[in-house]
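Please work through the following exercises with the structure open beside you, and try each task before you read its solution.

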Amino acid sequence: MDRIRQARHRLADVVFTGNRSTIDAIRTAPPPSPLAPVDLSEPKTVHTVMDLAARIGDLLLSSGTGNSDTKAQILGITAAYGLYGCHVDITLNTITMFAPSRTGEAPTTAFRVVHRLNTDFSKLTEVDRLIRSIVAGATPLELAQKLLREIETAPPPYRTRYALLSWGGFAGAVALLLGGGLTVAVIATVTTVFSMFTTAWLASKSLPTFFQNFVGGFIATVPAAVIYGVGQRFNLFLAPSFVVASCIVALLAGLTLVQALQDGVTGAPVTSSARFFETILGTGAIISGIGVGIRIMDRLGVTLPPLDTTATSTSFANSTIQVVSGAAAAAFFCVACFCERRALIVASFTSLVASAAYYFVMLPTGFGAIGGSAATAVLIGLAGGLLSRRYLIPPQITAIAGITPLLPGLALYRGMYAMLNNQFVVGFSSLAAALATATALGAGVVLGEWVARRLRRPRILHIADGIRRPGTRRKSRVHWMRRRPRTLSSQWSPDLGRRRARRDPAT
């Protein structure tokens, strides 16, 4: 009985206590008095503090953080340097800050524009540590400016070729998850690598995102149709639908569905509507590219076969492959977004658990595709949120990586193909199901993250013997496949303020 009691206490300690994420620490308690206060009587110093907070907010918004959390972290930074009473307004991609003057002069304002979304999650992790250090009172203003400048100008932790290959591996894992064979997965991998390389090159030429998605959808269709036509000559059947659907999921992975729904739920309807419209517009561009590709290949004499919805099976063996493929897809997605090793492990484990719940529990018990996706997304938000707080990872990394393999690429392709063949009822039904599934995924992961945030409590000492609370690791996080070394984390560890306070009680 003692061992059972100790195990129960240990499990409760893992779930309900331990480290808290940066946003939780900011929301639950005001920041402590700064160890290095700044002179706020100078307008230049006030503007420097506001500019630092706005630049950090820029990095947070561009990495997928919601308006509410970004605003809270900006206010936490200004309060940490003693600048209270600030007002922050975020509308889509603009950050406006207002601070009243203490000397009777004109108030200080700051304005910043977030130009585009970025999938470099390594910068998100670094800036999360910087915020934690600032709020703990361990980083003076000059050092914070220097560290933020290094984060903004730092190159990716490893070369872009690894990210492109990871997008191909992601599409291959999604092809296996959808029920395609090994040959289909290889074709999807090669097609997606070429598609992502083309869209990245077009982005470097400042082509609007709509046309990038259009070209990506077109490229996803043409190789699948060509390989299908070649396979017919040799009496080989290679399902092009799985290739196209895998490329669609890879293209949809960069859209902002989770951020749009999070903004809508947390009270930012204007930003939420704009981001949701941006997501719908990007999805429409992908569908348009697929439709043009299907029509062109049909004129060239290569007609794609009707979509076979009975190609996948619900046997235990196939479900096991799908579960493993879902975890592999999340891992490849993390590598493609430059995640750290710890974030990759946590996100992959969360996706493995969620995929197992979806294929072994949700579908066999009759939840259906939409209901099962919603329940799985809640599990991803809950489990990923708890694990992210345990290991000090921004929660949106595990949320986005967890739901990405479940995006409805096959339903989008089915709807597009049906509409091109004058089956408008089937086409609209499939597109509506795809939209409902995507919305259920986004809403479910936001709900699960909300529950995880409420479950995570401040750390409390236990009376039972043998129970040890996990502490923040003092070892700096290290990337793998690093292009050049970084020395940022050694200068501002999350526990730096507490260690300085213990060494110098006078502070």
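**Exercise 1: a pair within one helix**

Arg55 pairs with Asp51 in a salt bridge whose closest N and O atoms are 3.6 Å apart, in a model that is predicted. Task: find where Arg55 and Asp51 lie, and decide whether Arg55 is buried or exposed.

Solution. Begin with the position: both residues belong to helix α3 (residues 43-62), where they are four residues apart, about one turn of the helix. Next, take the accessibility: since buried means under 20% relative accessible area, Arg55 with its 10% is buried, whereas Asp51, at 27%, is partly exposed.

**Exercise 2: a pair between two elements**

Task: work out which parts of the chain are tied together by Asp58 and Arg112.

Solution. Start from the contact, a salt bridge in which the closest N and O atoms are 2.9 Å apart. Asp58 lies in helix α3 and Arg112 in strand β3 (residues 108-113), so the pair ties together parts that are 54 residues apart in sequence. Finally, Asp58 counts as buried at 13% relative accessibility, while Arg112 counts as partly exposed at 26%.

**Exercise 3: a pair with a loop**

Task: determine how many residues apart in sequence are the parts that Arg129 and Glu340 tie together.

Solution. The closest N and O atoms of this salt bridge between Arg129 and Glu340 are 2.6 Å apart. Because Arg129 lies in helix α5 (residues 121-135) and Glu340 in the loop between α13 (316-336) and α14 (341-362), the pair ties together parts that are 211 residues apart in sequence. Arg129 is buried at 6% relative accessibility, and Glu340 is buried at 5%.

Terms used: Residues are numbered from 1 along each chain as its sequence is written. This is a predicted model: local features need pLDDT of at least 70, side-chain atom pairs count only at pLDDT 80 or more; totals for chains, interfaces and linings use all residues. Side-chain values use heavy atoms; hydrogens and water are left out. A salt bridge is a side-chain nitrogen of Lys or Arg within 4 Å of a carboxyl oxygen of Asp or Glu. Helices (H or I, at least four residues) and strands (E, at least two) are DSSP runs, numbered from the N terminus. Buried means under 20% relative accessible area, exposed over 50%, partly exposed in between (1.4 Å probe, protein chains only).
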